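Got the viewer open and a selection box ready? Let's walk through this one stop by stop, picking residues as we go.

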Amino acid sequence: MRKPGRLVLAVFVDGLGWEVLRGRRFLDDLLPHRFPMATMFGYSSTCDPTILTGRLPREHGHFSSFFYAPEASPFRPWRALGLLPASFADRGLVRRWISRAVCAAHGYDGYFQLYAIPFRHLHLFDYAEKRDIYRPGGILGGQPTVFDRLRAAGLPFSVSDWRRSEAENLEEARRRAGEGEVALAWVFLGGLDGVLHATGTRSPAVDRHLATCEERLRAIVAAARDRYAEVRVHLFSDHGMTDVTDTCDLVARVERTGLGFGTDYVAMYDSTMARFWFPRPGARERVLEALSGERRGRVVTEAELAAWGCDFPGHRYGEVYFLLDPGVLLCPGFMGARPIPGMHGFDPADARSVAAYLTNAEDSPRPGSLTDLHDLVLREAGVGEPR
Ligand SMILES: [Zn+2]
């Protein structure tokens, strides 16, 4: 049987930082060409839409899950949950159940998590990722994703389902590669990020997880090589991971101002930064003064936000961003009440934040940033000049 031409295997490994790879062997023989790649400021909720569209955050409109929008908040009917005793409402299981109920009630199909946001504040926020960004129309800015472009070009492809387990997605990719009918297989591996968060970057659990991924990816490539004349692998991540060395109780510092949450100021306490809005004049100065007492972080300048492509119209995701130093976890915060060993979302220029790109294609142009992956993958798949 004549072999079909080329399979483009795009492997997205969440959390595989350039520094995570340092000193480790991971597919060295299969993917010998490897480079650091610049990440975005923010979390996967910023990085992933950039990978899928090739656009900066200010263009695609995604940054973080929650932003201040009291009039538009879909959580207003859920306000009564704030009356639940904290001992009950803060249990992970209860929060997951409520997250699912909110999704079902509003018809959301995106990635939705309430994390540890106090229910008494929820009605002040709207949620950005209501739609699944992997489906048509999922990008807030309306741009087509890699998958929309492949569909428009009529190119057969397969793509992992982020709702399924990593093992299931790897098995599905191996099956599709072995059938020889797709031109592109997009494999998403979310497991490593979880292991890095839970155990830090240097733990044996990370080595074990990488070894399992390596074995299964080799099986996919072997199955593909039976069916395709050429298999071009492009393996990339969205961001790195930083070992947590310290925690910072920024919430307590801001609360000591005596200002009212929801009346004077509104804050979203992410894992590595706090974002503030100021509905009442005068509060901004007092919050900034309180923040100036915290030496393990800094207010991000407007120039930095612009350089990072995070200068959103109307300061949608925050009027003031206070970013902690690499390794300092904002805890307790709205993303979690207890410290964890690894986190990302620090200064994108810090070496530990940097993402990675690995390939077997010697002639592939080197992507300098996540913004380059969209065009790279489409060009590899033979889809004409993107955009
Ligand atoms: Zn993560």
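Begin with β16 and look at its two faces: Ala355, Tyr357 and Thr359 sit on one side, Ala356 and Leu358 on the other, and all of them are buried. This is a predicted model, so keep that in mind throughout. The strand covers residues 355-359, and five of its five residues are buried. The split you see fits a general pattern: in a regular strand, side chains alternate between the two faces of the sheet.

Now add the neighbours of β16. Select residues 33-37, which form β2; five bridges join this strand to β16, and the two run antiparallel. Which residue of β16 is the bridge partner of phenylalanine 35? Tyrosine 357 is. Next select 230-236 for β7, another antiparallel neighbour, joined to β16 by three bridges. Here phenylalanine 236 stands opposite tyrosine 357.

**Next stop: the core**

Show the largest nonpolar core, which has 106 residues, and highlight Leu9 and Val11, the ones with the most contacts inside it. Its largest share, eight residues, comes from α9. Zoom in on leucine 9: leaving aside neighbours within four places in sequence, its contacts are Ala185, Ile220, Val221, Ala224, Val231, Arg232 and Val233.

**Two packed helices**

Move on to α8, residues 191-199, and colour Leu192, Asp193, Val195 and Leu196, which are buried. Look down the axis of α8: these buried residues fall within an arc of 165 degrees, so they line one face of the helix. As background, an α-helix has 3.6 residues a turn, so residues three or four places apart point the same way. What covers the buried residues of α8? Turn on β1 (6-13), α1 (18-21), β6 (184-189), α9 (204-227) and β15 (342-343), which are among the elements doing so.

Keep α8 and α9 on screen. They pack at an angle of about 170 degrees, with their axes 9 Å apart. That angle makes α8 roughly antiparallel to α9. For the interface, select Gly191, Leu192, Val195, Leu196 and Thr199 on the α8 side; they meet Ala205, Val206, His209, Leu210 and Cys213 in α9. Before leaving, check the backbone of glycine 200, just after α8, where phi is positive at about 85 degrees.

**A covered helix and a buried loop residue**

Select residues 44-53 to bring up α2, a mostly covered helix in which nine of the ten residues are buried. The buried ones are Ser45, Thr46, Cys47, Asp48, Pro49, Thr50, Ile51, Leu52 and Thr53. Their cover includes β1, α3, α6 (146-152) and α13 (373-380). Glycine 54 follows α2, and its phi is also positive, near 75 degrees.

From here, jump to phenylalanine 63, in the loop between α3 (57-60) and β3 (66-68). Is phenylalanine 63 buried or exposed? It has 25 C-beta neighbours inside 10 Å, so it counts as buried, the cut-off being 20 or more. Not counting residues up to four places away in sequence, phenylalanine 63 touches Gly42, Ser45, Thr46, Pro57, Cys310, Phe312 and Tyr317. Two of these names, Ser45 and Thr46, are among the buried residues of α2 you just coloured. For a distance check, draw a line from phenylalanine 63 to glutamate 380: C-alpha to C-alpha it spans 28 Å, with their positions 317 residues apart in sequence.

**The open sheet**

Now find a sheet of four strands, open and paired antiparallel, in the order β10-β11-β13-β12. β10 (266-269) and β12 (297-299) stand at the edges with a single partner strand each, so one side of each is left without a neighbour in the sheet. From one strand to the next, the twist averages 15 degrees. Zoom in on β10 and β11 (residues 273-277), an antiparallel pair joined by four bridges, where methionine 268 stands opposite arginine 275. Then add α11, residues 283-292: this helix lies across β11, β12 and β13 (320-324), running at about 10 degrees to β13.

**Last stop: a loop residue**

Finish at threonine 245, in the loop between β8 (242-243) and β9 (246-248). Threonine 245 has 12 other C-beta atoms within 10 Å, so it is exposed. One last line to draw goes to glycine 137: it is 108 residues away along the chain, and the two C-alpha atoms are separated by 40 Å.

Terms used:
Residues numbered from 1 in each chain as written. Predicted model: local features only at pLDDT ≥ 70, side-chain atom pairs only at ≥ 80, totals over all residues. Pairing = 2+ DSSP bridges. Arc of directions from axis to C-beta. Contact = placed C-beta atoms within 7 Å. Core = buried A, V, L, I, M, F, W, Y, C linked by C-beta atoms within 7 Å. Axes fitted to C-alpha atoms, helices over the stretch in contact; angles between N-to-C directions. Parallel < 35°, antiparallel > 145°, perpendicular 65-115°, else oblique.
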